[in-house]
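Got your viewer open? Let's take a walk through this one together, selecting a few things as we go.

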Amino acid sequence: MQAIEIQNVDFAYGKELILKEASAVIEGGDFIALTGENGTGKSTLLRLLLAELKPLRGRIRLLGEDNDKVIRSGKVGYVAQNGTYANQNFPATVEEIVTANLYKQIGLFRFPSKSHKHQVYEALEKLKMSEYAKTLIGELSGGQQQRVMLARALVIKPELLILDEPTTGIDMKSVRQLYEILGELHKSEKLTILMVTHGHLEECAGINRILQLEDGKIGEVVGNGVKL
Ligand SMILES: Nc1ncnc2c1ncn2[C@@H]1O[C@H](COP(=O)(O)OP(=O)(O)OP(=O)(O)O)[C@@H](O)[C@H]1O
């Protein structure tokens, strides 16, 4: 099944179009890196996929359905740029942060059940972070915080995982660890992954296609060039 279909999408914040008839198809099971110069619109494209923004023209489908419907159903995991809690005295533990993403299942004013807790620890285990469950997020290193944010995205058991520059601000050892974990998840859980990233692609063995955003269009990196 096609995991992502972007069909002739135009988008502008003001007058100038950032995306111009942008199109791409990502198959289920793909592990895609999306690259492009600063300011070309990569984060904007992700916000369109996540139905936070609406295209001026064109259509976006995820997992075979209109994207806003799929987003509401919780089949898409998302790791935002710059781990939201980084460098803050955020008064929440790792366990609380991961559990918070289960709010749709738990209900806003109810307590997590045993099975919710099990889901949380399972996700933390995958990221080798369960021993830090009771630690405040602000006490962790950047790389560890990023693994917590990944566990948070995975706790809902998504079919599609979208990451916005997950390696920003973390050291090379943590970049390798993160890429290794993503490669394992892609293989063992058949997770479709779309990752916006600037560099170190050679460190990420699991990636099978590289897309590039250029002049408002999505091209494919083939060899040393980009095919639009
Ligand atoms: N909310 C907004 N309102 C107006 N313009 C915006 C808004 N968000 C982004 N832009 C502009 O849209 C363009 C694309 O921004 P976007 O953040 O999507 O690019 P990007 O490729 O993700 O950049 P980077 O690699 O630096 O993260 C930029 O010129 C940016 O200044």
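Which residue, with a positive phi, follows H1? Select Ala51: this residue comes after H1, and its phi is near 65°. Keep in mind as you look around that you have a predicted model on screen.

**Stop 1: helix H1**

Now select residues 42–49, which make up helix H1. Is this helix mostly covered or mostly bare? Mostly covered: 6 of the 8 residues in H1 are buried. Click through them one by one: Lys42, Thr44, Leu45, Leu46, Leu48 and Leu49.

**Stop 2: the ligand**

Next, show the ligand and the residues around it. You should find 13 of them, with Gly39, Gly41, Lys42, Ser43 and Thr44 being the closest. Helix H1 turns up again here, as it gives 3 residues to this shell, the largest share. Try colouring the shell by residue type: 8 residues are polar, 3 are charged and 2 are nonpolar.

Zoom in on the oxygen atoms of the ligand and check three contacts:

- Gly41: one of its backbone N or O atoms sits 3.0 Å from a ligand oxygen.
- Lys42: here the side chain is involved, with an N or O atom 2.8 Å from an oxygen of the ligand.
- Ser43: back to the backbone, where an N or O atom is 2.8 Å from a ligand oxygen.

How much of the ligand does the protein cover? On its own, the ligand has 640 Å² of accessible area, and the protein covers 56% of that.

**Stop 3: the largest nonpolar core**

Hide the ligand and select Leu150, Leu161, Leu182 and Met195. Out of the 40 residues in the largest nonpolar core, these four touch the most other members. To see where the core comes from, highlight some of the elements that each supply at least two residues, including strand S3 (31–35), helix H5 (114–126), helix H6 (142–154), helix H7 (172–188) and strand S8 (192–196). Then colour by domain: domain 1 (1–75 + 159–227) and domain 2 (88–157) each put at least three residues into this core.

**Stop 4: His186**

For the last stop, stay with helix H7 and pick out His186, which is part of it. Why does His186 count as buried? Because its relative accessible area is 15%, and the cut-off for buried is under 20%. Now look for a partner: a polar atom in the His186 side chain lies 2.6 Å from the backbone oxygen of Gly29.

Notes. Residues are numbered from 1 along each chain as its sequence is written. This is a predicted model: local features need pLDDT of at least 70, side-chain atom pairs count only at pLDDT 80 or more; totals for chains, interfaces and linings use all residues. Side-chain values use heavy atoms; hydrogens and water are left out. A residue is near a molecule or strand if one of its heavy atoms lies within 4 Å of it. A polar contact is a pair of N or O atoms within 3.5 Å; within protein, one must be able to donate a hydrogen and the other to accept it, and residues adjacent in sequence count only if both atoms are side-chain atoms. Accessible areas come from the Shrake-Rupley method with a 1.4 Å probe; for residues, only the protein chains shown count as cover. Helices (H or I, at least four residues) and strands (E, at least two) are DSSP runs, numbered from the N terminus. Ala, Val, Leu, Ile, Met, Phe, Trp, Tyr, Cys and Pro count as nonpolar, Asp, Glu, Lys and Arg as charged, and the others, Gly among them, as polar. A nonpolar core is a set of buried Ala, Val, Leu, Ile, Met, Phe, Trp, Tyr and Cys residues joined through side-chain atoms within 4.5 Å. Buried means under 20% relative accessible area, exposed over 50%, partly exposed in between (1.4 Å probe, protein chains only). Domain bounds come from an automatic or database domain assignment.
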